[in-house]
Every structure is written in structure tokens, then in C-alpha cells.
Amino acid sequence: MAEQVLTVTTAYAREQVARARAEGGTLTKVVKMAFGSGGVDQAGKPLPLDGTEQVLKKELVQKEITSFEFIAPATIRYTCSLAENELAGETINELALVDSAGKLTAIRTMSNKIKDSDMEFVFEIEDIY
């Protein structure tokens with residue numbers, strides 16, 4: 001059975017929620033998904049994450065979120081698409097959610113996905129609180 005790689009909510013996002021609950025502050029909105037190619041080791045295994053990351057290891061592009069849906073009371077699934085001509089030939093193996101302040105709120109690494117030039121790719125990432 002393959003090892004499951006999960007999305008990690010960043011310490012920044014967890015702190016923001018805690019402060020909002022205690023102090024009544026506001027939360028930033030998730031607006032973009034970042035795509036990168038630095039999320040695996042030399043053997044192609046996804047690198048571990050600890051939640052303190054605020055940059056992708058090798059960011060390729062950031063795109064506006066296509067859609068989102070609540071799939072559980074404390075879980076939001078964000079979706080972002082790459083058109084046929086976007087990142088053609090690139091290897092994608094790291095994703096992050098980016099808020100309106102430009103900070104990462106969730107991050108994940110995964111196995112290599114090579115983006116074909118004749119296909120749209122749709123990526124989903126779950127933000128769990």
C-alpha cells in the first residue's frame with residue numbers, strides 16, 4: 001500500500017485562526033494556488049513538511065483559485081486548473097494555498113506530475129481545520 005501524503009496547514013494559518021478566535025481579529029482569504037517543482041528528493045519521493053514553510057522549494061507559477069467547496073464542516077477543497085498551454089513539459093510536485101497577504105496557508109508535496117501540452121490539469125487541495 002502506498003504511503004499517503006497529506007496537505008499540511010501552515011503554522012501561519014493556525015496562528016491566524018487562534019488569534020482570530022481569542023482576539024476577534026479577521027482571517028485572510030485564500031485566493032491562489034502555487035505550483036512548484038522542488039517537492040521531491042533525488043529518488044522522486046515527496047519531501048516531508050513541518051508546516052513552517054512559507055515558500056515552495058522551486059515555485060513555477062501562482063494562479064487564482066478556480067473554485068472551492070466545503071466537503072466537511074472544517075474542510076474546504078480548493079480547485080485550480082492549468083490550461084493546456086500552461087507549464088507544458090514542467091514537472092509539478094509541490095502545491096500551496098496562498099492568501100490575500102501572499103502567505104502560504106497550506107502546503108503539500110507529492111509524486112511527480114509531468115504536465116502535458118495537450119491536456120488541462122486540475123489540482124485539488126484540501127484545507128483542514
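**View 1. Glu94 (E94) in strand β6 of the predicted model.** Residue E94 belongs to strand β6, which covers residues 91-99. The structure shown is a predicted model. E94 is buried and yet forms no salt bridge. K57 offers the nearest side chain of opposite charge, at a distance of 6.3 Å, and a salt bridge would require the charged atoms to lie within 4 Å.

**View 2. Backbone partners of the E94 side chain.** Two backbone nitrogen atoms are shown beside the side chain of E94, those of G38 and K58. A polar atom of the E94 side chain lies 2.8 Å from the backbone nitrogen of G38. The backbone nitrogen of K58 is reached by the side chain of E94 at 2.9 Å.

**View 3. V40 and its surroundings in the loop between β2 and β3.** V40 is located in the loop that connects β2 (30-36) with β3 (59-64). Leaving aside residues up to four places away in sequence, V40 touches K45, P46, L47, N93, M110 and N112. L6 stands 34 residues from V40 along the chain, and the C-alpha atoms of the two are separated by 14 Å.

**View 4. D41 in the loop between β2 and β3.** D41 lies in the loop between β2 and β3. With a relative accessible area of 32%, D41 is partly exposed, because the partly exposed class lies between 20% and 50%. The side chain of D41 reaches the backbone nitrogen of K45 at 2.8 Å. R19 is 22 residues from D41 in sequence, while the C-alpha atoms of the two residues are 35 Å apart in space.

**View 5. The whole protein as context for the close-up views.** The secondary structure of the protein consists of 1 helix and 8 strands. Read from the N terminus, the order of elements is β-α-β-β-β-β-β-β-β. The radius of gyration is 15 Å, close to the 14 Å given by the globule rule for 129 residues, so the protein is as compact as a globular protein of that length. The C-alpha trace spans about 50 × 30 × 25 Å along its principal axes.

**View 6. Burial, contacts and surface of the protein.** Of the 129 residues in the protein, 37% are buried. Among contacts with a separation of 6 or more, 69% are formed by residues 24 or more positions apart. The accessible surface of the protein amounts to about 7600 Å², and carbon and sulfur atoms contribute 51% of that surface.

Terms used: Residues are numbered from 1 along each chain as its sequence is written. This is a predicted model: local features need pLDDT of at least 70, side-chain atom pairs count only at pLDDT 80 or more; totals for chains, interfaces and linings use all residues. Side-chain values use heavy atoms; hydrogens and water are left out. Helices (H or I, at least four residues) and strands (E, at least two) are DSSP runs, numbered from the N terminus. Buried means under 20% relative accessible area, exposed over 50%, partly exposed in between (1.4 Å probe, protein chains only). Lys and Arg count as positive and Asp and Glu as negative; His and the chain ends are not counted. A polar contact is a pair of N or O atoms within 3.5 Å; within protein, one must be able to donate a hydrogen and the other to accept it, and residues adjacent in sequence count only if both atoms are side-chain atoms. The radius of gyration is taken over C-alpha atoms; the globule rule is 2.2 Å times the number of residues to the power 0.38. Contact means heavy atoms within 4.5 Å. Accessible areas come from the Shrake-Rupley method with a 1.4 Å probe; for residues, only the protein chains shown count as cover.
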